Amino acid sequence: MWPLGALSEPRLRVFVVPHSHMDVGWLHTVQESMQVYVTNVYNSVVEELTLEKKRRFIAVEQEYFRLWWDGVASDGQKSQVRQLVAEGRLEFVLGGQVMHDEAVTHFDDQILQLTEGHGFLYETFGVRPQFSWQVDPFGASSTTPTLFALAGFNAHVISRIDYNLKKAMQDNRELQFVWRGSRSLSAQQEIFTHVLDQFSYCSEGFNWDGEAIFPGTSPDDMYLQMQIPVTEDNIQIFTSLLVKNALARATWFRTPHVLWPWGCDRQFFNASLQFTNMDIVMEYINSHSLEFNLSVEYATLGDYFRAVHSDQVSWQVRDHRDFLPYSSDMYHAWTGFYASRSGLKGLARRASSLLYAGESMFTRYVLLAPHRFLDPAWGLQQLQQLRWAVSEVQHHDAITGTHVPNVGDMFVEHLSTGMQGVHNLMSYIIQDRFPAHSGPEPGGHFAVVYNPLAWTVTTIITLTVDFPKVSITDESGLPVPAQVQPSKEMPSAYDLHVLTMIPGLSYRHYSIRPSRSSQEKTGEPEPFVAKTMQFGGRLRRLARQVGGSLVPVNNDCYIVFLDLDTNLMHSVWERQSNRKVYMTQQFMEYHTNSDVWKGPVSDNYVFTPSGVAEPAWEAVRMEIVEGPLVTEIQQYFYRKVNDSEPTFAIYSRLARGPQGSGGELLCHRIEQEYRVGPLELNREAILRTSTKLNTGRVLYSDNNGYQMQRRPYRNYKNNTIARNYYPMVQSAFIQSRRSRLVLLSEQAHGVSSQGNGQVEVMLHRRLVNNDPGNLVVDLTLNDPSVVHPVLWLLLGSRALTSGLRQRSRLALQHRPVVMLREINEIAPRGSGSRQQEAVTLPPSIHLQILSIPGWKYSSNHTEHLRTLQKDRRPKPKADLRRVLLRLQHLYEVDQDPVLSRPVTVNLRSVLGGLGSVVSVEERSLTGTWDVNEMRRWTWSRRDPHHHRGNSSQPSPPPGGPEVTIYPKEIRTFFIHFQEH
């Protein structure tokens, strides 16, 4: 510890960390950025570091580095990079494919993009990033530091936190702390965290290479940001600027070490100009270091943190609270992006779920062998393409919806192409597993349904068919419970609902054929044809809201009452607790200002409503489609009384199925799908659910699907509505003393509780404004699309919903994958299909990933480094017998009396259906460390007490196949299977 003000003893060390912030899609596509500046950054940085040993550079986004490495770098440049990395002068920080957003990304996808980048770096260089660099995401989640600790990081860097909080932390020298991101995990998963000060990651006044020139750039803009070169005449201007800035920063931190990021967006594309000028400035300062009371040096992030760590300062501990939402000032709450580009947010999550299913399906297939139709190398290529696309869209200007339209088109194209590849892969696997034989009666469909979760799922799948009279049988030729009704989306088609029960990581297959004649003649049972009841339109302004005439819709868990005076939901009776909760839902809109000269505007990033939300409809029409499996309530909301098409719709489904084998999950939910749009300009559409629960305006919403945060309503001088919005990646709830209402979401949205007993979800936004900064780059949110978000509602006691919420959110995230084939040939009953053993985990453990990564490196670090030092040709083949397994305990330490207990799993027995397990190795989160060799730094803490949780020690790595998993733990393994 050094006394404030005594800057002469000891002297300040200023660590100048050169970097370039490279957005993986924002104002320009990846291809445009590669052509205009990224290639030049790596070409020129490698050359300049090679010329001068004292220079340093940190590289962040691996998508760009890999594109340069694989497609541009010469053998000579690759050799130089290896040397620079070995000497620690070029340092990879963060190491993911992208710098992921922290508010609207799911933690599965955060882990994926980190694993992708880390696997490449380890395979190529034998290095493992140890420091994060999350300097641009709009707010900071407490899930991220937990994941980084599990990946082996020693320190974590963030920047964008609420302006008021950052100022207070600066004034109190609290910008550095030890963060315990999870309340259940032991203190071993804490991480030292550094918040960049008010200057953030840019260093104004030290940019000598100007602006990267993209096609269409005005000549007037080309040199705006470029500094004049350093000369004898002006050197004191530059030195004074740097010294004053460093001295100012020093007062905000507790050690005599100053982190001075040098760079900004798209800089260092001419590294020669940058380093040549900065060399002069730094040499001048160091030759006058006693006069200035400081020295400057080029550094990596690791150099800086090693210096801070060596000082042995005792740091304050921060608990699991996050830094969301983020406001940059009192008028700009960055809570709009929680719902911007709703369609892309939905596509990104569907792609992620498809990848999850494809990974385990491919793993089962490869381990089963032989492979008749499919080359495993081709299959791996299809998965890798989608891994890349899903990783890319986690970037903090991608899934956030804060990019220009043509960049959005790029993200959609990459995701769609990757999804098509995995669909093709699945088709080949199905073709191989379930071969058909020619026969006399073609026609109809063959449906294969795959459950990607590691427990038995009971659910209802929906198929679209073009004939109402159908015969549906399972793999044994037995009839299957089903229901048919007219399709909502396709007037000439029919929705066929089928009740299915599927063991973990297993298949069911069904034959769906047109009925040839009436069932009396053939004896074949046909699906029940649902009955439709229609209710006339009701005007909002005339609604008496008296509840005098109610119609019930029920299953074994709920009775939903609909008010015929309003055509809105009236209340829900939850049978288990025998409790009725008054509840109604309606679509509302926030109106926003479009003229920056008249006040703050909403845009892709920020939410600035002009006032409270207003009802967005004048009339509502209702239909109830009733059947033995599913009853669906269809409510259509019309913006104007005479509109022919509704702007909004709610489709609510209650299902009936057997109890047990997951049937309780099917029963205990009200599934809702919405139709929203197209919106009018400058409208932000919400679904508001109002109850009579006494919630005190306290909301709970999730951090990245990993853990919940308590969100009490706060009053602010300005912008109170927007600053009480939070991200909902997968779940949110409100509760009274006796009841809890849970919302589970298929994709990310904004969520808020603006009134007692209320919860509202922002579903869609359409905005145009005249902000010159946005107009010049075409950063607009004029989104005329129609979106179809999905929420599931769970209502019940706290105990009931605590037990059901985690498994229900996974049931929504990873619904069974349905693959349809035309029946042009007939498969004899029982032919071809090779049954595999189910993979079944205990109810509190989730199979987070089961995949064949295809890495070529040895698990033994010493052996891998030896291989890298030899000649690298020819490349070794991908190891198809090494499987990446990640297991997660779903529950917090005190969440449920039974489900929160530690669970012991025998991996050899659980995975027996996949093949013969040869060995089990426990690895770090991204697979690059053997946990026995991973030694993270420990930091002195002001709080000597260990955090409550299972223990202060991590779970011991398995010597054999038995693993005990504690609450909220995420454990990663390499499982080696025997060759055939």
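Which residues does Val581 touch, not counting residues up to four places away in sequence? The first legend takes that up, and the others move on to further close-ups of this predicted model.

**View 1. Val581 sits in strand β23 with company from elsewhere in the chain.** Strand β23 covers residues 579-591, and Val581 is part of that stretch. Leaving aside residues up to four places away in sequence, Val581 touches Ser571, Val572, Thr691, Leu693, Ser739 and Leu795. Look for Lys692 too: its C-alpha is 6.8 Å from that of Val581, although the two positions lie 111 residues apart along the chain. With a relative accessibility of 6%, Val581 counts as buried.

**View 2. The whole protein, for orientation.** Zoom out and you have 20 helices and 44 strands. The radius of gyration is 29 Å, close to the 30 Å that the globule rule gives for 980 residues, so the protein is as compact as a globular protein of that length. Along the principal axes, the C-alpha atoms fill a box of roughly 100 × 70 × 60 Å. Of the 980 residues, 63% count as buried. Contacts reach a long way along the sequence: among those between residues at least 6 apart, 77% join residues at least 24 apart. The accessible surface adds up to about 36000 Å², and carbon and sulfur atoms account for 50% of it.

**View 3. Helix α11 is largely enclosed by the rest of the structure.** This helix takes in residues 342-368, 27 residues in total. From first C-alpha to last it reaches 40 Å, close to the 39 Å expected at 1.5 Å a residue. How many of the residues of α11 are buried? The count is 24 of the 27, which is why the helix can be called largely enclosed. Just after α11 comes Ala369, with a positive phi near 50°.

**View 4. Helix α8 and what covers it.** Helix α8 has 17 residues, 271-287, and its 24 Å reach from first C-alpha to last is close to the 24 Å expected at 1.5 Å a residue. Its buried residues are Ala271, Gln274, Phe275, Asn277, Met278, Asp279, Val281, Met282 and Ile285. The cover over these residues includes the helices α1 (30-51), α7 (235-250) and α9 (289-292), along with the strands β1 (12-18), β7 (257-262) and β8 (294-298). Phe275 also turns up in an aromatic cluster, where ring pairs link it with Phe57, Phe206, Trp208, Phe238, Trp260, Trp262, Phe268 and Tyr298.

**View 5. Trp334 meets Tyr605.** The protein has 55 aromatic pairs, counted by ring centres within 6.5 Å. In the pair shown here, the ring centres of Trp334 and Tyr605 are 5.1 Å apart and the planes are at 55°, so the pair is tilted. Distant parts of the chain come together here: Trp334 is in the loop between β11 (332-333) and α11, Tyr605 is in the loop between β23 and β24 (614-615), and 271 residues separate them. Trp334 is buried at 12% relative accessible area, and Tyr605 is buried too, at 11% relative accessibility. The view also takes in Phe337 and Tyr338, whose ring centres are 4.9 Å apart with planes at 65°, so that pair is edge-to-face. Both Phe337 and Tyr338 are buried.

**View 6. Strand β12 is covered on both faces.** In a regular strand, side chains alternate between the two faces of the sheet. Here His445, Ala447 and Val449 are on one side, Phe446, Val448 and Tyr450 are on the other, and all are buried. That makes six of the six residues in β12 (445-450) buried. Strand β17 (507-514) runs antiparallel to β12 and is joined to it by six bridges, with Val449 opposite Arg508. Strand β38 (817-822) pairs with β12 in the antiparallel sense as well, again over six bridges, and His445 has Glu822 as its bridge partner there.

**View 7. A four-stranded open sheet with mixed pairing.** The strand order is β13-β16-β15-β18. Which strands stand at the edges? They are β13 (457-465) and β18 (528-529), each with a single partner strand, so one side of each is left without a neighbour in the sheet. Strand β15 (482-486) runs parallel to β18, and two bridges join them. To find one of these contacts, look for Val484, whose bridge partner in β18 is Val529.

Notes:
Residues are numbered from 1 along each chain as its sequence is written. This is a predicted model: local features need pLDDT of at least 70, side-chain atom pairs count only at pLDDT 80 or more; totals for chains, interfaces and linings use all residues. Side-chain values use heavy atoms; hydrogens and water are left out. The expected span of a helix is 1.5 Å times one less than its number of residues. Buried means under 20% relative accessible area, exposed over 50%, partly exposed in between (1.4 Å probe, protein chains only). Two strands pair if DSSP finds at least two bridges between them. Contact means heavy atoms within 4.5 Å. The radius of gyration is taken over C-alpha atoms; the globule rule is 2.2 Å times the number of residues to the power 0.38. Accessible areas come from the Shrake-Rupley method with a 1.4 Å probe; for residues, only the protein chains shown count as cover. Rings of Phe, Tyr and Trp (its six-membered ring) pair if their centres lie within 6.5 Å; planes under 30 degrees apart count as stacked, over 60 as edge-to-face and the rest as tilted.
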